[in-house]
Structure formats: C-alpha cells, structure tokens
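Here are a few exercises to work through with the structure open beside you. Try each task before reading on to its solution.

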Amino acid sequence: MTEKKIRVLVAKPGLDGHDRGAKVVARALRDAGMEVIYTGLRQTPEMIAEAALQEDVDVVGLSILSGAHMALTPRVMDLLHANGQSNVKVFIGGIIPDEDLQRLKEMGVTGVYGPGSSTEDIIRDIQSAMAG
Amino acid sequence: MTISQSILKGDRLALARLLTKVENDSTEGREALIELFPHTGGAHLIGVTGAPGTGKSSLVNQLALHYRKDENKRIAIVAVDPSSPFTGGAVLGDRVRMRDLSGDPNVFIRSMASRGSLGGLAQATANVVQIFDAAGFDIVIVETVGAGQSEVDIARLAHTTLVVEAPGLGDDIQAIKAGILEIADILVINKADRPGVENAEKALRSMLDLAHPAERVFRHHGTYMSTSMPKPGASSNVWIPPIQKTVSTEGRGIPELTQSIARHAEHLRLSGGWAIRERTRLEVEIEALIHEMLMNRFREDVPAQRYEAMLEQVLQRNISPWEAVRQLLNGRLQ
C-alpha cells in the first residue's frame, strides 16, 4: 500500500514575471515529501482552476507579486468552488499589505506569506491544514 | 452512482479523484478498475521517451494541439516526472510546456511522480492509462521521466513508442548500445534547427541499417517474450522506424510526425502487431499483480521478527541470501 501524498499546485497568476519565490517554495515542499505540480508564469485563474481539477490537488499555492491579489484570489476561489473543489486549501505568497490579510482570510484563504517568511512555516501550516 | 459510472458519463472531477485513488492503490481504486476494465481497449496509446531536455513535453504539447485541431480527438496526457529517492517528494513541471492546451475541455493532463519506480514510469501508470482509455479518450500520450538508457517500460505499455533525441547528445556508439533506441517505433530528432542535426540523423540512420529487420524481444522473468510479428520472409511485415525531424517550439515537423504515428497504428493493425502488443501489455500487468500479491502474502505469512533475524544471519555471513530465502519460503506459498 502506498501512503497518500500531499499534492500541491504552485501557480503564478497575473502578469508579473518573478517566479524565484514560487520555485523556492516548490523545492522546499518537494523536500518535505510533497508532490508539487509547477505550472509556470502568467496563469489565468481559469488555467489554475483547471489544473487543480485535473491534478486533484489538496492545496493550491498562489504566488502574486503584482498587487493584483484582491482581484485574482476571489476569482480562483470561485472557480474552485464551481468545480466542486471547495475542499482545496489555498495559500498565498507574495507582497500582500497587512490591511488585505483579513479580507483574504474571509474569502477562505488558509495562509498568507510575505517577504521573509520561512519555508518551514509554510510546510508546517500545509501539513496541519491537511491533518485537520 | 458509483465513481466508475460518473466517469463513463464524463465527470471530470470524478475522473481526477479516481486517478488519485488508483495512484495510492486504494481499495476503492481497485474496485473501480474492475468495473471500468470492460470499457477499455479503444484508445491509441502513444509513449514518448528520451533523455532529459530533449523537448519531450513541448513535443507532447504540439502533438496534442495537432490532434485537437486537425483530427478533433479527445486527448489524455500522462506526464511522469521523478520522485526524490530521499524525501519521496517531487516537482512535476511538465505542465509548464503544455500551457497551450489549457482551456480545452477535451484535453486532460495528469502529472504523476514516479514514486520509486525505476523503469521510467510509475507503478500506477498502466492503471491510470486504463482509466483514461475507459473514459473514452481517443489518444492517451504517456510521457516518461527523462530516460537514460534502460528505462524501457514504456514499450510494454504503449502501442507506438516515440524516442526523442536532440542534436549533440551522443555519437554513433551511443546509437548502437542496447536499450532505449531499440524500443523506438518512431525516432524523433527534436530541436532540428540546432547545429549537429545531420550528425544525429546519420548516427541514427546507421543504427537502423545495422539493426533491421529486428525482432522485439523482452526479457521478462528470465524467459524471453517476443512481440515480433509472424514474418515468414514477408518484408512488408517489418516496421522500420522512421526518423522524424521536429522543432516543437514552432510546431515544425509535427504534421509529418502524426502521419508516421498513424501509419504505425495502421501497420500494427494489418500485421497483427496490435493484438500482440495488447497481449504483452496485459500479461506484464497480470504478472506485476501476481508479484505484488505474493509479496503481500509473504509479508502476512512470515513474522517481521523472523525476517529480521534472518537478515541479521545474512549480515553476519552465517548464511547466504539464497539460503535465507530458502528457509523463509520453506513450506510456504503453496
């Protein structure tokens, strides 16, 4: 019997071209034993939701440095719901002003990580979200 | 409605979830496979293998685009990438090259980690392919992990195997070595706009001249299994792998490649090779299951302490591994 692996989609919605952070996180999650599906730059919310469905992921990680998180995040969340994937946990990394944190949480985002966050925190939070 | 019924009705979320269950080898997954099996056998299974960086994913992207636009077929893609041997984690990055396909509801891409399997596929890949087949996809493309020389499992799974090369990767000694080139039904030289393409083609061409007509013979559990067609000298029965040059970033050479693939499928049907490959594939699958079942029964049968004690004996050089196995199996599994 094989154990259940945590499957994570790491995606970069929007138009900013900085994927260093997303790659660092992808690598760290790999080293924590997760299966990370990396989709690359400039994904639309539709592309992300579609990939999340086909890959049957447990977690979607969005990397957003453009400032468009308040537009992109709800769109991704809505599409996940529409596809029957309300169980998928959404995490966000990037440049997110403090005043947006509360509203993102209210949308159902599980965790938000700004500059300087440690990958250990992200891993721990994903693992506990999966356990809970 | 059972999960298999939902899948047969075209429910994509049910399909995705079943794939996970089958990957994890769950009981529910096995049940569904039993229900779905009668619906399989309709798809053309195309394998794509080759060294890392030869452009397999981009090629698969172009193939699928072509099949969608020109032939209006439903396409499933299974893309396998390696798992870390240390942590068991994986980064599955093949989708990065397949973004042209997103948004098309008739293309379904699934990434798989190899999970410790060494033949270029994951253990569950054959079952995942079966599910896509049952779900009514016309073509299932399986992309292996970046393969070196002996990751040849794909040839036992696919009807048509593409081996992808790129200029500058090896000389003609590489080309005459046993292994991956032998399994090619079609040889693809991708990145054919790069220097060195003539040399790569020459090396492959000379390899083919030496090799044909060849039988496809697999060593399997010590016995040789041949998938050659019955060929009493009829030269038309022998398939000589064509060499196709492509530039998959631009889509060059793709229509010609798909024509070769279609010709190969046609050849298999006419020569009886299709049935032989089906037989080989299912036989390999049955044997793998027997393996697994026997192993499980052995584990249930032999207490872990006894096994550990025996291992210790071998470690101390008191007995040989052969002797240990003889003692462990003594009187069991009958």
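**Exercise 1. A strand in chain A**

Which residues point one way from β1(A), and which the other way? Bear in mind as you work that this is a predicted model.

Solution.
- Step 1: Begin with the general pattern: along a regular strand, side chains alternate between the two faces of the sheet.
- Step 2: Now sort the residues. A:R7, A:L9 and A:A11 point one way, while A:V8 and A:V10 point the other way.
- Step 3: Check burial, taking buried as under 20% relative accessible area. Five of the five residues of strand β1 (residues 7–11) of chain A are buried, so by this cut-off the strand is mostly covered.
- Step 4: Look for the pairing partner. Strand β2 (residues 35–38) of chain A pairs with β1(A) in the parallel sense over four bridges, and A:R7 has A:E35 as its bridge partner in β2(A).

**Exercise 2. A strand in chain B**

Work out why strand β1 (residues 44–50) of chain B is largely enclosed, and find the strands joined to it.

Solution.
- Step 1: Count the buried residues. Seven of the seven are buried, so the rest of the structure largely encloses this strand.
- Step 2: Split them by direction. B:H44, B:I46, B:V48 and B:G50 point one way from β1(B), and B:L45, B:G47 and B:T49 point the other way; all are buried.
- Step 3: Follow the bridges to strand β5 (residues 139–143) of chain B, which runs parallel to β1(B) and is joined to it by five bridges. Here B:H44 has B:I139 as its bridge partner.
- Step 4: Do likewise for strand β6 (residues 160–165) of chain B, which pairs with β1(B) in the parallel sense over five bridges. The partner of B:I46 in β6(B) is B:T160.

**Exercise 3. The nonpolar core**

Find the residues that touch the most other members of the largest nonpolar core, then trace the contacts of B:L187.

Solution.
- Step 1: The core holds 54 residues, and those touching the most other members are B:L15, B:V78, B:F132, B:V140 and B:L187.
- Step 2: Helix α2 (residues 12–23) of chain B supplies the largest share of this core, seven residues.
- Step 3: Set aside neighbours of B:L187 within four places in sequence. Its contacts then include B:V163, B:L204, B:M207 and B:I243.
- Step 4: Step back to the whole chain. Of the 334 residues of chain B, 51% count as buried, and the chain has twelve helices and ten strands.

**Exercise 4. Empty space**

Describe the largest cavity and the largest pocket.

Solution.
- Step 1: A probe the size of a water molecule, rolled over the atoms, shows where empty space is left.
- Step 2: The whole structure has three cavities of 30 Å³ or more, and the largest cavity contains about 100 Å³ of space.
- Step 3: Residues from both chains line the largest cavity, among them A:Q43, A:M47, B:R95 and B:M98. By class, this lining has four nonpolar, three polar and three charged residues.
- Step 4: Turn to the largest pocket, with about 1600 Å³ of space. Of its 41 lining residues, B:Q123, B:E285, B:A288, B:L289 and B:E292 are the closest to its centre.
- Step 5: α10(B) gives the most to this pocket's lining, with 14 residues. The classes come to 19 nonpolar, eleven polar and eleven charged residues.

Key. Residues are numbered from 1 along each chain as its sequence is written. Chains are lettered from A and ligands numbered from 1 in the order in which they are written. This is a predicted model: local features need pLDDT of at least 70, side-chain atom pairs count only at pLDDT 80 or more; totals for chains, interfaces and linings use all residues. Side-chain values use heavy atoms; hydrogens and water are left out. A nonpolar core is a set of buried Ala, Val, Leu, Ile, Met, Phe, Trp, Tyr and Cys residues joined through side-chain atoms within 4.5 Å. Buried means under 20% relative accessible area, exposed over 50%, partly exposed in between (1.4 Å probe, protein chains only). Helices (H or I, at least four residues) and strands (E, at least two) are DSSP runs, numbered from the N terminus. Contact means heavy atoms within 4.5 Å. On a 1 Å grid over the protein atoms alone, a cavity is a set of points where a 1.4 Å probe fits but cannot get out, and a pocket is an open set with protein on both sides within 12 Å along at least five of seven lines; lining residues have an atom within 4 Å of a point. Grid points are joined across faces, edges and corners, and a volume is the space filled by probe spheres set on the points. Ala, Val, Leu, Ile, Met, Phe, Trp, Tyr, Cys and Pro count as nonpolar, Asp, Glu, Lys and Arg as charged, and the others, Gly among them, as polar. Two strands pair if DSSP finds at least two bridges between them.
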